[in-house]
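Me: I would like to go through a structure with you and ask what stands behind the labels. Could you answer by setting each value against its cut-off?

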Amino acid sequence: MPKKAISASFTRKKSSDEGTDARNNHLKEDTIMKKTKRILAMAVLSAALCAAPMTTAFGFGWKNTKSEATADAEEVSYSFKTEKAVISIGDEAAPILKALGDPKKTFEQDSCAYQGKDKVYSYEGFDICTWMVDGKECVNAIYLMDGTVTTPEGVKIGSTKQDVINAYGKDYTESYGVCRYTIGNTELSFYMTNQVVDSIEYLLAVTK
């Protein structure tokens, strides 16, 4: 092969390799940014949880919709619904787990709120996190894991920020790319990358 042809072929291969490297670097940077954003957001939440006063009916400084409701009406909160169960923060876990059936897996993790373990039940598309309250296992978090499940208001992983606002309104707080809505004892958080939802969480709302 002539030297010029070899040189041209080498140049094209080098350019192709550089393009591949650039794309790989971009993907790595995007993954690192997403993980950093999640870590920062969870650090803020964890600090708030650990600093919360131990005063409410739950015993850890969170609002309890049922105990704080007036005689006229109960305070509204966000719930997650499946075909088998309606799941709300603070609900006793036993009837919910019975309705849902056997999870794909279960595991325990250290609790930031008290000395002990939180238990996580993994189902198709979502996880339920529980803790012990007055001797009963209760729901303290719900995590939507992929786009196969949606909130009752129609938002799922893959929805846009505008979809979230259309469904829940503009009364939210935002930090580190996370939009948070709070009603009653529930904080509903939407984690986003480039204004597209990539994680959804229902958590106990921290009292101020």
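Reply: Happy to; what follows is a set of questions and answers about this model, which is a predicted one.

Me: Thanks! To begin with the layout, what is the order of helices and strands along the chain?

Reply: The pattern reads α-α-β-β-α-β-β-β-β-α-β-β-β-β, with four helices and ten strands in the chain. Of its 208 residues, 37% are buried. The chain exposes about 12400 Å², and carbon and sulfur atoms supply 54% of that area.

Me: Why is D91 called buried?

Reply: Buried means under 20% relative accessible area. D91 has 16% relative accessibility, so D91 counts as buried. This residue sits in the loop between β2 and α3.

Me: And what makes the pair of D91 and S88 a polar contact?

Reply: Here the cut-off is a distance: a pair of N or O atoms within 3.5 Å. A polar atom of the D91 side chain lies 3.0 Å from the backbone nitrogen of S88, so the pair falls inside that limit.

Me: Let's turn to the loop between β9 and β10. Why are N194 and Q195 called exposed?

Reply: Exposed means over 50%. N194 has 69% relative accessibility, so N194 counts as exposed. Q195, at 53%, counts as exposed too. N194 lies in the loop between β9 and β10, and so does Q195.

Me: What is the phi of N194, and what is that of Q195?

Reply: For N194, phi is near 55 degrees, a positive value in a residue other than glycine. Q195 also has a positive phi, near 65 degrees, and is likewise not a glycine. The reason to point this out is general: most residues other than glycine have a negative phi.

Me: Now α3. Which of its residues are buried, and how do you know that they share a side?

Reply: A93, I96, L97 and L100 are the buried residues of α3. They cover an arc of only 95 degrees around the axis, and therefore lie on the same side of α3. An α-helix has 3.6 residues a turn, so residues three or four places apart point the same way. The face of α3 turned away from the buried side carries the exposed residues P95 and K98.

Me: What covers that buried side of α3?

Reply: The cover includes β2 (86-88), β4, β5 and β6. After the helix comes G101, with a positive phi near 85 degrees.

Me: What about α4: which residues are buried there, and what puts them on the same side?

Reply: K161, V164, I165 and Y168 are buried in α4. Their arc around the axis is only 95 degrees, which puts them on the same side of α4. They pack against β7 (173-175), β8, β9 and β10. G169 follows α4, and its phi is positive, near 90 degrees.

Me: Why is β6 called largely enclosed?

Reply: Seven of the nine residues of β6 are buried, so the rest of the structure largely encloses this strand. By contrast, β3 (residues 105-110) is hardly covered, with zero buried residues among its six.

Me: How do you know that β3 is paired with β4, and which strands pair with β6?

Reply: Two strands pair if there are at least two bridges between them. β3 and β4 have six bridges, in the antiparallel sense, so they pass. D110 has K117 in β4 as its bridge partner. For β6, eight bridges join it to β5, and the two run antiparallel; M132 is bridged to E137 in β6. β6 also pairs with β10 in the antiparallel sense over four bridges, where L144 stands opposite I200. The hairpin of β5 and β6 has two residues between the strands, and D134 there takes a positive phi near 50 degrees.

Me: Last one: which residues have the most contacts inside the largest nonpolar core?

Reply: They are I87, F126 and F190, in a core of 33 residues. Among the elements giving two or more residues to this core are α3, β5, β6, α4 and β10. Another core, of five residues, lies apart from it and includes V120, C129, A141 and Y143. F126 itself touches F80, I87, L100 and Y143, among others, leaving aside residues up to four places away in sequence.

How values were computed. Residues are numbered from 1 along each chain as its sequence is written. This is a predicted model: local features need pLDDT of at least 70, side-chain atom pairs count only at pLDDT 80 or more; totals for chains, interfaces and linings use all residues. Side-chain values use heavy atoms; hydrogens and water are left out. A nonpolar core is a set of buried Ala, Val, Leu, Ile, Met, Phe, Trp, Tyr and Cys residues joined through side-chain atoms within 4.5 Å. Buried means under 20% relative accessible area, exposed over 50%, partly exposed in between (1.4 Å probe, protein chains only). Contact means heavy atoms within 4.5 Å. The arc is that of the directions from the helix axis to the C-beta atoms. A polar contact is a pair of N or O atoms within 3.5 Å; within protein, one must be able to donate a hydrogen and the other to accept it, and residues adjacent in sequence count only if both atoms are side-chain atoms. Accessible areas come from the Shrake-Rupley method with a 1.4 Å probe; for residues, only the protein chains shown count as cover.
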